[in-house]
Amino acid sequence: MNNCPSALAEPVTDDSHPLTQPFTGASPYDTYVHASVLNSLQHPLTEAPDEMGFLVTTQVMELWFTLIVYEWRSARVAFAKDDLHAAMDALVRSRRALTALNGAWAPIAALTPAQFNGFRAAFGQASGFQSAMYRHMEFLLGDKSSGMLRAHRGDPAVHEALAEAYREPSLYDEVLAFLHRQGLPVPRSVRERDVTSPYTSEPGVVDVWRHIYAGPQHHPHLALGELLTDIAELVTRWRFEHVLVVRRAMGSKPGSAGSAGLAWLEKRAARPVFPELWEVRGDV
Ligand code: HEM
């Protein structure tokens, strides 16, 4: 006899079981999740056995990019309202999403050049370089680029969404504005900077973080600094993992979007995220 009180734990054998009653139309699950739409979006272009894994991994990463952008945008709004609690909650959720994103490399992490060549020619000039959602993430980190925005001009809806992210302050701009309102001396040149230019390290901001990191162990904003450092580290780990996957699958061949490939990606991966949070560690 089954001791479990739940009817759901019983074997689903008889026709009157509630779980086997037909749905009217699409299931409530499908209506909510759109699983049938998601699962109809995989169209490999070849018979190569590794292409499906490559396609699904890329699509899964796009979804994690969407969630991370969502959380960083929420955090940015919360910082602008001086709601540190809500901002930290959103950043913690984004840290979990970034961890999941980084775990998503597994299915394609060990492609051999021959396996990758099995489908590479079929996708032509397609490249993750053209991912608008990834670019949106970079803009939120402060890594603005008019050139990267221009590349999307041919697709007005995508371009407009990205242009908005380009014109708006980044997440880091809002963090620094928040810290200033909290009484920390963020220089005027940083607070009034042109937010469409790429953020680069500022000595005055290193001083702000030094005050937080060198002060009492329980400085109220130390936890914020560490959370941002976790995020910076996870973004950098994604970039370096990408470099490794690329080196393994195609060595130093040029990229499909037209870059030099590995050498270009290595340079991109070396860029620090939230630079002063790394510089301050050498000063404390
Ligand atoms: C075998 C797997 C992969 C290879 C060989 C590869 C290769 C490359 C190369 C060579 C570039 C440089 C741009 C170019 O000229 O094409 C690039 C850029 C990029 N790839 Fe991949 N990629 C792989 C998987 C992925 C996946 C799964 C994603 C997830 C969406 C992705 C996202 C990106 C992004 C966002 C960029 C732009 C990076 C930046 O702007 O700094 N890649 N990739």
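Where in the structure does Phe274 lie? Phe274 sits in the loop between α13 and α14 (275–279). Helices here are DSSP runs of H or I with at least four residues, numbered from the N terminus.

## About the model

This is a predicted model, in which local features need pLDDT of at least 70 and side-chain atom pairs count only at pLDDT 80 or more, while totals for chains, interfaces and linings use all residues. Residues are numbered from 1 along each chain as its sequence is written, and side-chain values use heavy atoms, with hydrogens and water left out.

## Around the ligand

Let's start with the ligand. It is surrounded by 28 residues (a heavy atom within 4 Å), and the closest are Ser127, Arg135, His242, Ser259 and Arg268. By class, this shell has 17 nonpolar, 9 polar and 2 charged residues; Ala, Val, Leu, Ile, Met, Phe, Trp, Tyr, Cys and Pro count as nonpolar, Asp, Glu, Lys and Arg as charged, and the others, Gly among them, as polar.

Several side chains make polar contacts with the ligand (pairs of N or O atoms within 3.5 Å). Ser259 places a polar side-chain atom 2.7 Å from a ligand oxygen, and an N or O atom in the side chain of Arg268 is also 2.7 Å from an oxygen atom of the ligand. Two or more shell residues come from each of α3 (51–80), α6 (132–141), α12 (222–250) and α13 (262–269), with α12 giving the most, 6 residues.

## His242 and the iron

His242 belongs to helix α12. Its NE2 atom is the only protein donor of the ligand's iron atom, at 2.1 Å. Donors are N, O and S atoms within 2.8 Å of the metal (3.2 Å for Na, K and Ca), and water is not among the atoms, so sites may look incomplete.

## Helix α3

Now for α3. Its 30 residues should span 44 Å at 1.5 Å a residue (1.5 Å times one less than the number of residues), and the end C-alpha atoms are 43 Å apart, which agrees. Its buried residues (under 20% relative accessible area, 1.4 Å probe, protein chains only) include Phe65, Trp72 and Phe79. The buried residues of α3 pack against α4 (84–103), α5 (113–120), α6, α9 (171–181) and α12, where contact means heavy atoms within 4.5 Å.

## Two positive phi angles

Asp82 lies in the loop between α3 and α4, and its phi is positive, near 60 degrees. Asp82 counts as partly exposed (between 20% and 50%) because its relative accessibility is 38%.

Phe274 also has a positive phi, about 50 degrees, although it is not a glycine. Phe274 is buried, with a relative accessible area of 2%.

Methods
A polar contact is a pair of N or O atoms within 3.5 Å; within protein, one must be able to donate a hydrogen and the other to accept it, and residues adjacent in sequence count only if both atoms are side-chain atoms.
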